[in-house]
Amino acid sequence: MQIGIVGLPFSGKSTLFQAITKTHLDPAVLTKAEAHHAIVKVPDPRLDKLSGMFNPKKTIHATIEFVDVVGLKRGESGSTQFTTNFFSNVKTNDALVQVVRVFTNHAVPHPDGTVDAVRDVISIETEFILSDLAIIEARLERIAKQVLKSGDEQVKREQVVLQKCRQLLEAEKPLREAQLSAEEEQVLKTYQLLTIKPMLIALNFDEGQQHMVTELKEKVAAAKAGAHTRVTSFFGKVEMEISELSDEEARAFMAEFGIQESALNTLIREAYMLLGLQSFFTVGEDECRAWTIRRGMTAQESAGVIHSDFFAKFIRAEVVGYPQFIDAGGSFAKTKEAGHWRLEGKEYTVADGDILNVRHS
């Protein structure tokens, strides 16, 4: 999974990137028009607990790649502008984190002169919508000529999907909030549209603004939140300081500031919710591992995530839920006695935290 971090200049997006990835970049590097990439382990106390029980040779966490995306800036007219760099970096992102400035810093003024979170969110969304609209209208013009010449049925179906998207965008609605079928989503995959990507709006406060957090989050959520648009908050400067501390010192520091959860854990939790993701586990003396799947995936589909051969040669899956396994003291025998261990077929819907052992031919 790849998540792009975007935002206007001086919003703190690179601060967030460095804090969650613990990569401290030289200021000179940050001035260059280059994206920064880092792969981060997904913290999961359940996997840590299982690893402690089995003492495997390897413990493998799920991972997320974060990209600090460059190329989003204010133009001379005040509109948001995109560079080629920006489009090339966001096209592979599964979701976007839009960092929005709330903190004040007179030494680093906001590009618009004043800080207004709702204005910035709406401004960037509007430019995303206009960008998508331009792409779709250009394609519809070409399709209209193709339909007249060939009458191709596949092209006609594409035309219908694009016309639906154009209507939504003209109504200033992002495509991520549209009710698109799997077939429609497949048609749109090649277009690299910005508004179709799930969006997490991350409000960047300073440590003196704790009293503002709840109210402003609710205000932004009322303006823009939806099924695939969520709003969260973080304290950029504080998170940078936390990233340089040991785990014990970080916990004490967070308690002092009343921070319940690190920015990394918040982003991962929100990203999983936005993308409809969950984890299952495989365990043993050789390896304990967390696997990321989409909610609703079957046992056979989940087996295919482990190895493509397991999908084709799937027979059964031995399944036990994580809570039941822990209650049984980490004993498969006891879960069988309690009736929690079971054999499931290929249509079984895997639950978050399931421990699977795939039987295959």
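Two helix axes count as roughly parallel when the angle between them is under 35 degrees. Keep that cut-off handy, as it comes up below. The model you're looking at is predicted, and this briefing takes a pair of helices and then a set of paired strands.

**Helices α1 and α9**

- When two helices pack, people describe the pair by the angle between the axes and the distance between those axes.
- Here, helix α1 covers residues 13-21 and helix α9 covers residues 236-243, and they pack at an angle of about 30° with their axes 8 Å apart.
- That angle of about 30° falls under 35 degrees, so α1 and α9 are roughly parallel to each other.
- As for handedness, α1 and α9 make a left-handed crossing.
- Who touches whom? On the α1 side it's Thr15, Gln18 and Ala19, and they meet Gly236, Glu239, Met240 and Ser243 in α9.
- Sort the residues of this α1 and α9 contact by type and you get four polar, two nonpolar and one charged.

**Strand β11 and its partners**

- Strand β11 (residues 287-294) pairs with strand β10 (residues 277-282) in the antiparallel sense, over six bridges.
- Look for Phe280, which stands opposite Trp291 in β11.
- Just four residues sit between β10 and β11, and the two strands form a hairpin.
- β11 also pairs with strand β3 (residues 58-60), this time in the parallel sense and over three bridges.
- To find that pairing on screen, start at Lys58, which stands opposite Glu287 in β11.
- A handy rule to remember: in a regular strand, side chains alternate between the two faces of the sheet.

Technical notes. Residues numbered from 1 in each chain as written. Predicted model: local features only at pLDDT ≥ 70, side-chain atom pairs only at ≥ 80, totals over all residues. Heavy atoms only, no water. Pairing = 2+ DSSP bridges. Axes fitted to C-alpha atoms, helices over the stretch in contact; angles between N-to-C directions. Parallel < 35°, antiparallel > 145°, perpendicular 65-115°, else oblique. Left-handed = near helix turned anticlockwise from the far one by under 90°. Contact = heavy atoms within 4.5 Å. Nonpolar A, V, L, I, M, F, W, Y, C, P; charged D, E, K, R; others polar.
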